[in-house]
Amino acid sequence: MARLAEAMAPGRAWLSHRRTAFAIGVAALLALRIWLALTLRVNSDETQHLHVVWSWTQGLLPYRDLFDNHAPLFHILYAPLLAALGERADIVPWMRLAVIPWYALTLWLTYRLATVLFDRRIAWIALAITALQPTFFTRSVEFRPDDAWAAAWIASLLVAVSGPPTPRRALQCGLLAGLALAFSIKSAVLIASALLAAALVLAIQTWQRRQPGTGETLRIATMTAIGGAVLPITIAVAFTLAGAGEAIRYCLFVHNVADGLGRWSHHGWRLLAFPLLLPALAAAMCWSLRAGDHAYRASLRAWVFGVGLIYAALRVSYQPLLDKQDVLPLVPMLAPFAAALLVHLTTKPARTRATVAGFVLAELALTLLHGRPWRDEARQYALELHTLLQLSSPGDYVMDDKAESIFRARPSYWLLENVTLHRLAEGSIDDDIAARLVNDRVGVGVFERERGNDLDFVRRNYVAIAPHVDVAGKMLGAADTGAAIGFDVSVPNRYAIVSDSGNVAGTLDGEPYSAPLELGAGPHEFIPLQRGVWALESARAAALGYSPFGTGLKAAPP
């Protein structure tokens, strides 16, 4: 026994070192995730999603009461957490921390998927490649439904390949695909890719005279479809019963398919990319089938490989707007095959380990360069949000382009994301922004995506008092003592007269000016009693010390 223990000692030491290295790696990865969650620049998609989450905490019904063009499940899940955290300027980093479990789950699912398709060695390499892939890492740090979407989709693939095709397994796979669809309607492209990949595998197997029975295939397909329909139909029925059936249909399906949107306005060679790539994709899948040591396992490899390749090709060929977050399910799908190719090319274990280490270090460097955590760009947005919340009350309207104020309602139904901007420009939806600014007496906003008449209206009736923050008002220009300054007000509000010198004396509409006043829409006249440069601005902004003569974020968030 003593000799046996002595012989096993090196193995135990190696296993202990491996576990220690794994624990250190996990801790370092988690630390980097938290660091980036606290510092990464805030993406406007995040504020849009957080505003929808906030709407659930206010008893509002998305699609019917406010615009959103994303599936609802992710927002519903995070509403309790946002309600518990409350209205705070640093809300984005807190909510980013809450999506770390989705990242961890996706990595674990990637490892399991690679283990089923190949072996543990390749699974570890696939895990390492996925964990620090720069786009995957930085986009998954952000608060967005794509984090959950990727996990649900990889889970559906894992269930599909983890055993023989049975009706029960098909039902489970369908349920998870339906879950992915409830997180993101972009799952429709993934589902189409999975169906086309399955069709190609069956065609190749038929050519190789290895196809399964037709009856079995139909049963599996039927149970998968039933499982996939359960959650989407439940959501559709629930919103219909709540009076938002037509609204959710428009926002999720009609709105997002706009003629001439993005790359659809200049199709070019991209329309031919997918059909031209299809033979190459089929050849790659055929190679994957022949490379397997077991016929069924090889077919699973070919299917998953095909899903990833077809999804990538469909995006390049037909998707009008290419968003980086769309790769979140793609990287885990293709990482096992990249890992297998790397092992095949390096042949020797030592060379493989060195190559993987170099690759991961390169990924880490690119991730750091892209994320720049040392710059703490999230703080800038926290200051802007704090300013917006200072300049408005919970019941006030704030006109922001993509819900930058998060905790305030917008006067206009439309949110100015890319598809809405396209539809406003082509006239397929009504533009009521200027009218709503007037009717709802909007005193503060973020105006960076307005175009045409809306932009002209904003320039005439709002002034910048801080980066990305404008308030109702206008620059009145320079005037000598006693020179009348005539101006028109379009947005009724409580206004203050301010000057570049800080001293204000004169008459407003024939009455001595001594304090901010309610000004209705129409012409007004100010006569200064001293020379200076004059401006009109929201009384609330003036009271808080903000001035159009020296823009800046004066107050730090709590």
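A polar contact is a pair of N or O atoms within 3.5 Å; within protein, one must be able to donate a hydrogen and the other to accept it, and residues adjacent in sequence count only if both atoms belong to side chains. The structure is a predicted model, in which local features need pLDDT of at least 70, side-chain atom pairs count only at pLDDT 80 or more, and totals for chains, interfaces and linings use all residues. Residues are numbered from 1 along each chain as its sequence is written, and side-chain values use heavy atoms, without hydrogens or water.

**View 1. Overall organisation of the protein.** The protein has 21 helices and 11 strands (DSSP runs of H or I, at least four residues, and of E, at least two, numbered from the N terminus). Its C-alpha trace spans about 100 × 60 × 45 Å along the principal axes. Of the 558 residues in the protein, 49% are buried (under 20% relative accessible area with a 1.4 Å probe, protein chains only; exposed is over 50%, and partly exposed lies in between). Among contacts with a separation of 6 or more (heavy atoms within 4.5 Å), 73% join residues that are 24 or more positions apart.

**View 2. The largest nonpolar core and a second, separate core.** The largest nonpolar core contains 140 residues (buried Ala, Val, Leu, Ile, Met, Phe, Trp, Tyr and Cys joined through side-chain atoms within 4.5 Å). The residues with the most contacts inside this core are Y78, I91, W153, W303, M333 and Y462. Helix α8, residues 146–161, supplies the largest share of the core, namely 13 residues. Apart from residues up to four places away in sequence, I91 touches L50, L82, L85, G86, L385, I406 and F407. A second core, separate from the largest one, has 12 residues, including V444, V463, I465 and Y546.

**View 3. Helix α18 from its start to the residue that follows.** Helix α18 comprises residues 418–426. At its start, a side-chain oxygen of E417 lies within 3.0 Å of the backbone nitrogen of V419. The buried residues of α18 are V419, T420, L421, H422, R423 and L424. Among the elements that cover these buried residues is α12, residues 245–254. After α18 comes G427, which has a positive phi, near 85°.

**View 4. D45 between R144 and K402.** D45 forms a salt bridge with R144, with the closest N and O atoms 3.4 Å apart (a side-chain nitrogen of Lys or Arg within 4 Å of a carboxyl oxygen of Asp or Glu). R144 belongs to the loop between α7 (134–141) and α8, whereas D45 belongs to helix α2 (residues 44–57); the pair links distant parts of the chain, 99 residues apart. R144 counts as buried, at 1% relative accessibility, and D45 is buried as well, with a relative accessible area of 15%. A further salt bridge joins D45 to K402, at 2.6 Å from N to O. Because K402 lies in the loop between β1 (399–400) and α18 while D45 lies in helix α2, this pair ties together parts that are 357 residues apart in sequence.

**View 5. The surroundings of K402.** The loop between β1 and α18 holds K402, which is buried, with a relative accessible area of 5%. Leaving aside neighbours within four places in sequence, K402 is in contact with S44, D45, T47, Q48, L415, L416, E417 and R449. Two of these contact residues also appear in earlier views: D45 is the salt-bridge partner of K402, and E417 reaches toward V419 at the start of α18.

**View 6. The salt bridge between R531 and D480.** The side chains of R531 and D480 form a salt bridge of 3.1 Å, N to O. R531 is in the loop between β10 (522–528) and β11 (532–538), and D480 is in the loop between β4 (469–479) and β5 (485–489); the pair thus links distant parts of the chain, 51 residues apart. R531 is exposed, at 68% relative accessibility, while D480 is partly exposed, at 44%.

**View 7. A network of linked salt bridges.** D45, R139, E142, R144, D146, K186, R315, D326 and K402 are joined into one network by salt bridges that share partners. The members include D45, R144 and K402, each of which is buried. The total count of salt bridges comes to 19.
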